[in-house]
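Me: I should like to learn how to read a structure feature by feature. Could we begin with burial and then proceed to sheets, aromatic rings and the ligand?

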Amino acid sequence: MQSGGEVPMEWRYTVSEVLIGSNNIAKRISELSAQLYLHYSTLNPLLIVVLKGSFMFAADLSRSLTFPHQLEFITAKSYSGTESTGTVQIQGLENAQLSDRHVIIVEDIVDTGLTLSRLYDTFAGAGAASIKCCSFLEKVTVRRKDSVPIIDYIAFRIPDKFVVGYGLDCDQKLRHLPFVGVFKK
Ligand code: IMP
């Protein structure tokens, strides 16, 4: 992957490296949008946005889509600080009508894949017509479980480092950065 440029001065103490800069993000999202069009242009898919991490990606992706779609928002929490807790808490599905809908899970990052597996199981149980995942990042890691569903659409693959920015946090901080950077522990 190309480097995203210099770490801006104000983030030098928290970010060691810019992995993906904002120009690259915008370019890749328009490519993903074109890819999604090929499959979903007539299906009125339901984008299920997994908060909080994917809020920025979902906003940019949705604005770039040139076909009808709807949005639903849920929260899924599996991390505390920079460590996975091994359990996933999902909230916000009470009012979602998933029966016969073509669901696109909009994720910020797939790491071990535990969250994604839980979401697939939940949506399949709710009668979705199809389920695919569109993830902003995929972490290349040996910690990935074998049983994790395929990620159909991925903006960027990144090395096994803890990253922040463009929606991703460390203890609720640094989500607002317009780039993806490696967190300085
Ligand atoms: P998984 O269940 O292990 O795939 O982890 C998925 C969730 O963990 C993501 O949706 C993020 O909220 C969080 N996460 C995993 N890796 C990172 C990271 O590098 N930075 C910030 N959050 C992360």
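Me: Is V180 buried or exposed?

Reply: A residue counts as buried when its relative accessible area is under 20%. In this predicted model, V180 has a relative accessible area of 0% and is therefore buried. V180 belongs to strand β9. Its C-alpha atom lies 6.5 Å from that of V163, although 17 residues separate V180 and V163 in sequence.

Me: What is the relative accessible area of F67, and where in the chain does F67 lie?

Reply: The same reading applies to a residue in a loop. F67 is found in the loop between α2 and β3, and with a relative accessible area of 6% it is buried. A C-alpha distance adds a further view: F67 and I105 are 38 residues apart along the chain, and their C-alpha atoms are separated by 17 Å.

Me: Which backbone atom lies 2.6 Å from a polar side-chain atom of S54?

Reply: The backbone oxygen of V50 lies at that distance from the side chain of S54. S54 is situated in the loop between β2 (46-51) and α2, and its relative accessibility of 0% makes it buried.

Me: How should strand order be read, and in what order do the strands of the sheet with β9 stand?

Reply: Strands of a sheet pair through backbone hydrogen bonds, in either the parallel or the antiparallel sense. Here 3 strands form an open sheet with the order β1-β9-β8, and the pairing is antiparallel. β1 (15-20) and β8 (163-164) stand at the edges; each has a single partner strand, so one side of each lacks a neighbour in the sheet.

Me: How many bridges join β8 to β9?

Reply: There are 2 bridges between β8 and β9 (residues 180-183), and the two strands run antiparallel. Within this pairing, V163 stands opposite V182 of β9.

Me: Where may a parallel pairing be seen, and which residue of β7 stands opposite E138?

Reply: Strand β6 (residues 130-139) pairs with β7 in the parallel sense, over 5 bridges. The residue of β7 opposite E138 is R157. Burial can also be read for a whole strand: 5 of the 6 residues of β7 (residues 153-158) are buried, so β7 is largely enclosed by the rest of the structure.

Me: How many aromatic pairs are counted, and how is their geometry described?

Reply: Ring pairs are recognised by the distance between ring centres, which must lie within 6.5 Å, and are classed by the angle between planes. By this rule the count is 5 aromatic pairs. One of them, F57 with F136, is tilted, at 5.3 Å centre to centre and 40° between the planes. This pair links distant parts of the chain: F57 is in helix α2 (residues 55-64) and F136 is in strand β6, 79 residues apart. Both F57 and F136 are buried.

Me: Which geometry does the pair of F136 and F156 show?

Reply: That pair is edge-to-face, with 5.9 Å centre to centre and 85° between the planes. It too links distant parts of the chain, with F136 in strand β6 and F156 in strand β7, 20 residues apart. F156 is buried, as is F136. F57, F136, F156 and Y166 together form one aromatic cluster.

Me: Let us turn to the ligand. Which residues come nearest to it?

Reply: A shell may be read by distance, by class and by element. Of the 17 residues around the ligand, D108, T112, G113, T115 and V163 come nearest. By class, the shell comprises 7 nonpolar, 4 polar and 6 charged residues. β3 (70-80), β5 (102-110) and α3 (114-125) each supply at least two residues of it, and β5 gives the most, with 4 residues.

Me: Which polar contacts does the ligand make, and how much of its accessible area does the protein cover?

Reply: Such contacts are read by atom type and distance. A backbone N or O atom of D111 lies 2.8 Å from an oxygen atom of the ligand, and a polar side-chain atom of T115 lies 2.6 Å from an oxygen atom of the ligand. For V163, a backbone N or O atom lies 2.7 Å from a nitrogen atom of the ligand. On its own the ligand has 490 Å² of accessible area, of which the protein covers 93%.

Note on methods:
Residues are numbered from 1 along each chain as its sequence is written. This is a predicted model: local features need pLDDT of at least 70, side-chain atom pairs count only at pLDDT 80 or more; totals for chains, interfaces and linings use all residues. Side-chain values use heavy atoms; hydrogens and water are left out. A residue is near a molecule or strand if one of its heavy atoms lies within 4 Å of it. A polar contact is a pair of N or O atoms within 3.5 Å; within protein, one must be able to donate a hydrogen and the other to accept it, and residues adjacent in sequence count only if both atoms are side-chain atoms. Accessible areas come from the Shrake-Rupley method with a 1.4 Å probe; for residues, only the protein chains shown count as cover. Ala, Val, Leu, Ile, Met, Phe, Trp, Tyr, Cys and Pro count as nonpolar, Asp, Glu, Lys and Arg as charged, and the others, Gly among them, as polar. Two strands pair if DSSP finds at least two bridges between them. Buried means under 20% relative accessible area, exposed over 50%, partly exposed in between (1.4 Å probe, protein chains only). Rings of Phe, Tyr and Trp (its six-membered ring) pair if their centres lie within 6.5 Å; planes under 30 degrees apart count as stacked, over 60 as edge-to-face and the rest as tilted.
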